[in-house]
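Let's take a walk through this model together, from the inside out. Have the viewer open and follow along.

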Amino acid sequence: MRIRLALLCMMVLLFSCSSNQDWRTASREPAGIAPDPAQTPEAVLHVYGADAWGWRGWFAIHTWVAAKRTGEDSYTVYDVVGWRAHRGNPVVGIAKDAPDRHWYGAPPRLLVEHRGPGVDEMIEAVDRAARNYPWPTEYKAFPGPNSNTFVAWIGRQVPELGLDLPFSAIGSGYAASR
C-alpha cells in the first residue's frame, strides 16, 4: 500500500512539474517597468529577477542587470544564459536589449534601482565587472556558476550597487565560496 501511495505521489509530482508552455512561444515582451530611454535623459541602473523557466520557477529566480548611461537612447543588458554554452558561445551576454523583458513568461521584478547623478560611474564599474567575470564559458544550474552567480559577482565588485539578492537566487553564493 505504501509503495502504491509513493508511486501515485511521484506521478502527480512529475505531471505537475511539466509546463504547459513552450519556451519558444513564452512571452519575452517588456514589462514596462524601466523608464523609456527616449524620455529619460538621466542614467538608469536596474537589477531584475524573474521566476526561472518551468518547474524551477517554484523555488528559483533568474537575475540580470540593465543599464542606460546619461543621454543614451537604449539599455545595455548584462546576463548569463546557460544554453549559450551548448552552442559553443560564452554564457555572458552584453547587448542592447529591452531591459525588463519577461523571462520566458515570468514577469520581472525590480530588485535594485539607481538613477541620476553618480550612476554613470556605477555603470562603468558594472561593465568592467561583467567583462571580468571569472566564469565566462561555464554554467551549472547548481551550485553555480550561473546567472545569479554573475549578478552576485557584479554586486561584490560594485558594492555601491547595494545588491542583496533573495534566497531564491540559487548560485549567488558561488562566487563567495571560490
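Which residues have the most contacts inside the largest nonpolar core? Keep in mind that this is a predicted model. The residues to look for are Leu45, Val65, Phe150, Ile154 and Leu161, and the core they belong to has 31 residues. Several elements feed into this core: β1 (44-51), β2, β3, α3 (119-131) and α4 each put in at least two residues. The top contributor is α3, with seven residues.

Ile154 is a handy place to zoom in. Setting aside residues up to four places away in sequence, Ile154 touches Val65, Val126, Ala129, Ala130 and Leu161. There is also a second, separate core, made of 13 residues, with Ala26, Ala34, Val81 and Tyr104 among them.

Now step back to the whole chain. There are four helices and five strands, and reading from the N terminus, the order of elements is α-β-β-β-α-β-β-α-α. Of the chain's 178 residues, 42% count as buried. If you look at contacts between residues at least 6 apart in sequence, 64% of them join residues at least 24 apart. On the outside, the chain exposes about 10100 Å², and carbon and sulfur atoms supply 56% of that area.

Next, find α4. How many of its 11 residues are buried? Nine of them are, so α4 is largely enclosed by the rest of the structure. The buried residues in this helix are Ser147, Asn148, Thr149, Phe150, Val151, Ala152, Trp153, Ile154 and Gly155. Phe150 and Ile154 are names you have already met, as they are among the residues with the most contacts inside the largest core. As for what does the covering, it includes β1, β2, β3, β4 and α3.

Just ahead of that helix, the backbone does something worth a look. As background, most peptide bonds are trans. In this model, though, a cis peptide bond joins Phe142 and Pro143, with omega about 5 degrees. A little further on, the bond from Gly144 to Pro145 is cis too, with omega near 5 degrees. Pro143 sits in the loop between α3 and α4, and Pro145 is found in that loop as well.

Is Pro145 buried or exposed? Its relative accessibility is 3%, so Pro145 counts as buried. Leaving out neighbours within four places in sequence, the contacts of Pro145 are Tyr133, Trp135, Glu138, Tyr139, Lys140 and Tyr174. You can also measure across from Pro145 to Val80: the two are 65 residues apart in sequence, and their C-alpha atoms are 9.4 Å apart in space.

Another backbone oddity turns up at Tyr104, in the loop between β4 and β5 (109-115). Most residues other than glycine have a negative phi. Tyr104 is not a glycine, yet its phi is positive, about 50 degrees. Tyr104 has a relative accessible area of 14%, which means that this residue is buried. That fits with what came up earlier, where Tyr104 was listed in the second core.

Last stop: the pockets. The largest pocket holds about 550 Å³ of space. Its lining has 23 residues, and the closest to the centre are Ala52, Trp53, Arg56, Tyr139 and Ala141. Tyr139 is a familiar name here, being one of the contacts of Pro145. The elements that give two or more residues to this lining are β2 (61-68), α2 (83-86) and α4 (147-157), and α2 has the largest share with three residues. By type, the lining divides into 16 nonpolar residues, six polar and one charged.

The second largest pocket has a volume of about 230 Å³. There, 17 residues form the lining, and Arg28, Val77, Asp79, Arg84 and Asp97 are the closest to the centre. At least two lining residues come from each of β2, β3 (76-80), α2 and β4 (92-96), with β4 giving the largest share, three residues. What is the split by residue type in this second lining? It comes to 10 nonpolar, two polar and five charged residues.

Notes: Residues are numbered from 1 along each chain as its sequence is written. This is a predicted model: local features need pLDDT of at least 70, side-chain atom pairs count only at pLDDT 80 or more; totals for chains, interfaces and linings use all residues. Side-chain values use heavy atoms; hydrogens and water are left out. On a 1 Å grid over the protein atoms alone, a cavity is a set of points where a 1.4 Å probe fits but cannot get out, and a pocket is an open set with protein on both sides within 12 Å along at least five of seven lines; lining residues have an atom within 4 Å of a point. Grid points are joined across faces, edges and corners, and a volume is the space filled by probe spheres set on the points. Ala, Val, Leu, Ile, Met, Phe, Trp, Tyr, Cys and Pro count as nonpolar, Asp, Glu, Lys and Arg as charged, and the others, Gly among them, as polar. Buried means under 20% relative accessible area, exposed over 50%, partly exposed in between (1.4 Å probe, protein chains only). Contact means heavy atoms within 4.5 Å. Accessible areas come from the Shrake-Rupley method with a 1.4 Å probe; for residues, only the protein chains shown count as cover. A nonpolar core is a set of buried Ala, Val, Leu, Ile, Met, Phe, Trp, Tyr and Cys residues joined through side-chain atoms within 4.5 Å.
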